[in-house]
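Trainee: I have this model open beside me, and I would love a close look at one part. Could you walk me through the place where the chains meet, and then a little of what lies behind it?

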Amino acid sequence: MNPAIKATLLVLSALVLLALPLWVNPGLLHLVGVTIVMGVFAVAWNLLFGYAGLASFGSGGLFSIGAYFMAVMLRAGWQDGFLLLILVSMAAGGLVAFLVGAIALRRSSGIYLAILTLALSEVLRLFLMRWHWIGAEDGLPNIVRPSFSIGIARVDLSNGHSYYWFLCLACAAMVAIMWWILHSPLGRTLRAIRLDPERTAFMGVNVYGYKLAAFTLSGIFAAGAGALYAPWAQIVTPDLGNMTRSVQPILYTLLGGASSFWGPLIGAFSFSAIEYATRTLVGIQEIITGAILLVIILVFPTGIAGAFSRFVGALMPSEPSSRHGSSVASAVRTETP
Amino acid sequence: MSDIIRLENIEKSYGTHQVLFGIDAEVSEGETFAVIGPNGAGKTTLFKVMTGEAPCNGGRVIFRGEDVTAIPAHRRARAGMGRTFQVARVFLELTVLENVVVAVEARHKNEGRRDVPWYAFKPAQSVVAEAMELLAHFELEAKRDAEASELSHGDRKRLELAITLAGKPKVLMLDEPTAGMSPSDRAGVVEVIKRIREENRITIIMTEHDMSVIFGLADRILVMNQGARLALGSIEEVRNSPVVREVYLGKESQHD
Ligand SMILES: Nc1ncnc2c1ncn2[C@@H]1O[C@H](COP(=O)(O)OP(=O)(O)OP(=O)(O)O)[C@@H](O)[C@H]1O
Ligand SMILES: [Mg+2]
């Protein structure tokens, strides 16, 4: 797409989102806020999948780490350092992702990595359900929307729609940082690794190190999304990190397109829009949603199918011979007039 | 030491299936060294053991005087091994230029160069210039913005060479550089390899089924059969070796 058109679309959607509180009802605004957060979460997941070629099924765990860190710190009354709290929550997610990745990426990839991350996030959820200090099954309610000062300026996010606007800005900042990272040499190298890790290693690239970096970055931003979510929902529960949460970014990414940086965000908004439009169809909502998704996927065979085949590819690394076999076949095809 | 690579008694098995039986060989700096043998002789496997793609079960690989047997592939690459694959492997979803840029950036990073900060979101001018020079070398500059998947088989082989040379290797390992090419393309590849050799004063290790390519390029030849070393010597020595004649050259007609 033409960069100018892209930029225009981006600015327009940002303006619409910022103006939303002026004309939509609180219920819908809440949904939009959640969607924005989930969009950032999905972009973070796709940083791992679309760029490094690793499929994690445990990103919900990292999301809930960010949310719980934020919830606990806000309830401890540290709201004055809110911006710092966001960074601390992100660091916590990054640290956990780094430790998990350091061990898991040594040996496992594909389906094993998917199962391992899923299992670990379930362990985390069960642990949160039993820990009474953080509310066990009931979670932590009554999370305040903070008010804090930057220098001499006082920022009060507890009133009206101010937290919504803050949420928009913070999410935009995170997306911008991820965009930047993925367009740097780091992002280019990660794309090369997804396409052919062995080939990349023969260029002198430490593939394990790069995968670990992607894993950690993805964890940082997944936790960042969780940290912003806590004051928005004003309650965190162990279910924040359940399997559904981990599957959501995958669904958004597949819907929107993994090969595009903006795909997961587009997917998140499309999905929410479909869900919202079908909300009154009690009982058959899931069926309608599923059918609409199916139609969308069939209408956009390249984007969605391309993403899907890569998804499968990441789950089950194909034998190099068969992959190269097909590349020869396509080479032969292009040579034939 | 003038041996750039020395293989000592290399053994390799896949499960219970032994593929290499105690291969000894040494490659001198600056020479073009060919590995030949019938299909399944173990040539590609020997490449894998040298580059670190697959570990060997016995023996040692010495590279530039250092034992690299236990060293992973990316560190051997940093030390100066560059390779191409029997079926060209390029990054199909990246553009032709991006393919080479990734390789140049990887080398710059390994050299500890500071002119390309990791966070710059456009490739540095110096990187693009270097990549374009390599593309020009292989007559690919007009296709710089095409996706590598759109390239023909021959173009992919040349792009792969450009990627590999971007790493400024000390040893260039070519696994069947003319595989799947027409006779006229083969002649072109021989010319390209000769040019690379002259311009970079590089050591080349190659496998090849086409004897005319081998005889046009190689200084010395290692002949393998069923995972064992059959002969090692100059073209003349190998040609006149009765063992080689019997086991390998007698079957040559099967391969073309
Ligand atoms: N990954 C693997 N697992 C099991 N056996 C393998 C593997 N790779 C190669 N082999 C076996 O090792 C032997 C040597 O294979 P190799 O690819 O090294 O031969 P080659 O000399 O390169 O042959 P070609 O001329 O066909 O390229 C063959 O018998 C092959 O079946
Ligand atoms: Mg081979």
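Mentor: Happy to! Let's start with the meeting of the two chains, where 31 residues of chain A are in contact with 39 residues of chain B. Do keep in mind as we go that this is a predicted model. Between them, chain A and chain B bury about 3100 Å², and carbon and sulfur atoms account for 62% of that area. On the chain A side, the residues that lose the most area to chain B are R188(A), R199(A) and F202(A), which together make up 26% of what that side buries.

R188(A) deserves a second glance, since R188(A) also forms a salt bridge with E105(B), with 2.7 Å between the closest N and O atoms. In general, side chains of opposite charge can pair when their charged atoms come close. Between chain A and chain B the count is six salt bridges, and ten residue pairs are in polar contact there.

Which helices of chain A supply this surface? At least two residues each come from α6 (162–183), α7 (185–195), α8 (197–201) and α14 (320–335) of chain A. The largest share is that of α14(A), with eight residues on the side that touches chain B. Sorted by class, that side of chain A has 13 nonpolar, nine polar and nine charged residues.

Now let's follow α6(A) away from chain B and into its own chain. Two packed helices are described by the angle between their axes and the distance between the axes. Here the partner is helix α9 (residues 207–233) of chain A: the axes of α6(A) and α9(A) come within 10 Å and cross at roughly 175°. An angle over 145 degrees counts as roughly antiparallel, so α6(A) is roughly antiparallel to α9(A).

To see the contact in side chains, look along α6(A) for residues including Y163(A), F166(A), L167(A), M174(A) and I181(A). In α9(A), the residues they meet as a group include L217(A), F221(A), L228(A) and W232(A). The residues of this helix contact divide into 17 nonpolar, one polar and no charged. Set that beside the side of chain A that touches chain B, with its nine charged residues.

One last stop, to put the salt bridges in context: the whole structure has 23 of them over all chains. One lies within chain B, where R220(B) pairs with E26(B), the closest N and O atoms being 3.4 Å apart. That pair links distant parts of the chain, 194 residues apart, with R220(B) in strand β9 (residues 220–225) and E26(B) in strand β2 (residues 17–28) of chain B.

Terms used: Residues are numbered from 1 along each chain as its sequence is written. Chains are lettered from A and ligands numbered from 1 in the order in which they are written. This is a predicted model: local features need pLDDT of at least 70, side-chain atom pairs count only at pLDDT 80 or more; totals for chains, interfaces and linings use all residues. Side-chain values use heavy atoms; hydrogens and water are left out. Contact means heavy atoms within 4.5 Å. Buried area is the accessible area (1.4 Å probe) that two parts lose on being put together, summed over both. A salt bridge is a side-chain nitrogen of Lys or Arg within 4 Å of a carboxyl oxygen of Asp or Glu. A polar contact is a pair of N or O atoms within 3.5 Å; within protein, one must be able to donate a hydrogen and the other to accept it, and residues adjacent in sequence count only if both atoms are side-chain atoms. Helices (H or I, at least four residues) and strands (E, at least two) are DSSP runs, numbered from the N terminus. Ala, Val, Leu, Ile, Met, Phe, Trp, Tyr, Cys and Pro count as nonpolar, Asp, Glu, Lys and Arg as charged, and the others, Gly among them, as polar. Axes are lines fitted to C-alpha atoms, for helices over the stretch in contact, and angles run from 0 to 180 degrees between N-to-C directions. Angles under 35 degrees count as roughly parallel, over 145 as roughly antiparallel, 65 to 115 as roughly perpendicular and the rest as oblique.
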